[in-house]
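Have a look at the model below and turn it around a few times. We'll walk through it one helix at a time.

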Amino acid sequence: MKGAISKRGNKYARYILFNCSQMVVKLGASNYPEHPVYIYYQSKKAEGKHYYESLTACSTKILRMLYSMCKNNKQFLEN
């Protein structure tokens, strides 16, 4: 276990990331079941994580994807 989730940083950025992950999960079930963030959410739920823990992990996943896309100057491409 890595520890408690930090509340440091910009609260509006956290709010936006959390809402993005929530929409990906809600829309992913019916529209994009192969979306990487939705697949990650399902894996976290299979590990026994609660809904909000899984969404927070998805927010981190989205943030890492965005950082990688900006750093490497690439667009999001679904496989």
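What covers the buried residues of H3? Keep in mind as we go that this is a predicted model. The cover includes H1 and helix H2, the latter running over residues 36-46. The residues being covered are Ser54, Leu55, Ala57, Cys58, Ser59, Ile62 and Met65, which are buried in H3.

Let's stay with H3 for a moment. Helix H3 takes in residues 51-72. With 22 residues at 1.5 Å each, H3 should span 32 Å, and its end C-alpha atoms sit 31 Å apart, so the expected and modelled spans agree. After H3 comes Asn73, which has a positive phi, near 55°.

Now bring in H1, made of residues 11-28. The axes of H1 and H3 come within 8 Å and cross at roughly 105°. An angle from 65 to 115 degrees counts as roughly perpendicular, so that is how H1 and H3 lie to each other. On the H1 side, the contact is made by Leu17, Phe18, Cys20, Ser21, Gln22, Val25 and Lys26. H3 answers with Tyr51, Tyr52, Leu55, Thr56, Cys58, Ser59, Ile62 and Leu63. Sort the residues of this contact by type and you get ten nonpolar, four polar and one charged.

You may have spotted a cysteine on each side of that contact: Cys20 belongs to H1 and Cys58 to H3. Why are they not bonded to each other? A disulfide is a covalent bond between the sulfur atoms of two cysteines. The sulfur of Cys58 has its closest cysteine sulfur in Cys20, but that is 12 Å away, too far for a bond. The cut-off used here is a pair of sulfur atoms within 2.5 Å, and by this rule the count is zero disulfides. Cys20, then, is in no disulfide. As for their surroundings, Cys20 is partly exposed, at a relative accessible area of 35%, while Cys58 is buried at 0%.

Finally, on to H2, where you'll find Lys44. Is Lys44 buried or exposed? Its relative accessibility is 17%, and buried means under 20%, so Lys44 counts as buried. Setting aside neighbours within four places in sequence, Lys44 is in contact with Lys49, Ser54 and Ala57. Ser54 and Ala57 bring us back to where we started, since both are among the buried residues of H3, and H2 is part of what covers those.

Key:
Residues are numbered from 1 along each chain as its sequence is written. This is a predicted model: local features need pLDDT of at least 70, side-chain atom pairs count only at pLDDT 80 or more; totals for chains, interfaces and linings use all residues. Side-chain values use heavy atoms; hydrogens and water are left out. Axes are lines fitted to C-alpha atoms, for helices over the stretch in contact, and angles run from 0 to 180 degrees between N-to-C directions. Helices (H or I, at least four residues) and strands (E, at least two) are DSSP runs, numbered from the N terminus. Angles under 35 degrees count as roughly parallel, over 145 as roughly antiparallel, 65 to 115 as roughly perpendicular and the rest as oblique. Contact means heavy atoms within 4.5 Å. Ala, Val, Leu, Ile, Met, Phe, Trp, Tyr, Cys and Pro count as nonpolar, Asp, Glu, Lys and Arg as charged, and the others, Gly among them, as polar. Buried means under 20% relative accessible area, exposed over 50%, partly exposed in between (1.4 Å probe, protein chains only). The expected span of a helix is 1.5 Å times one less than its number of residues.
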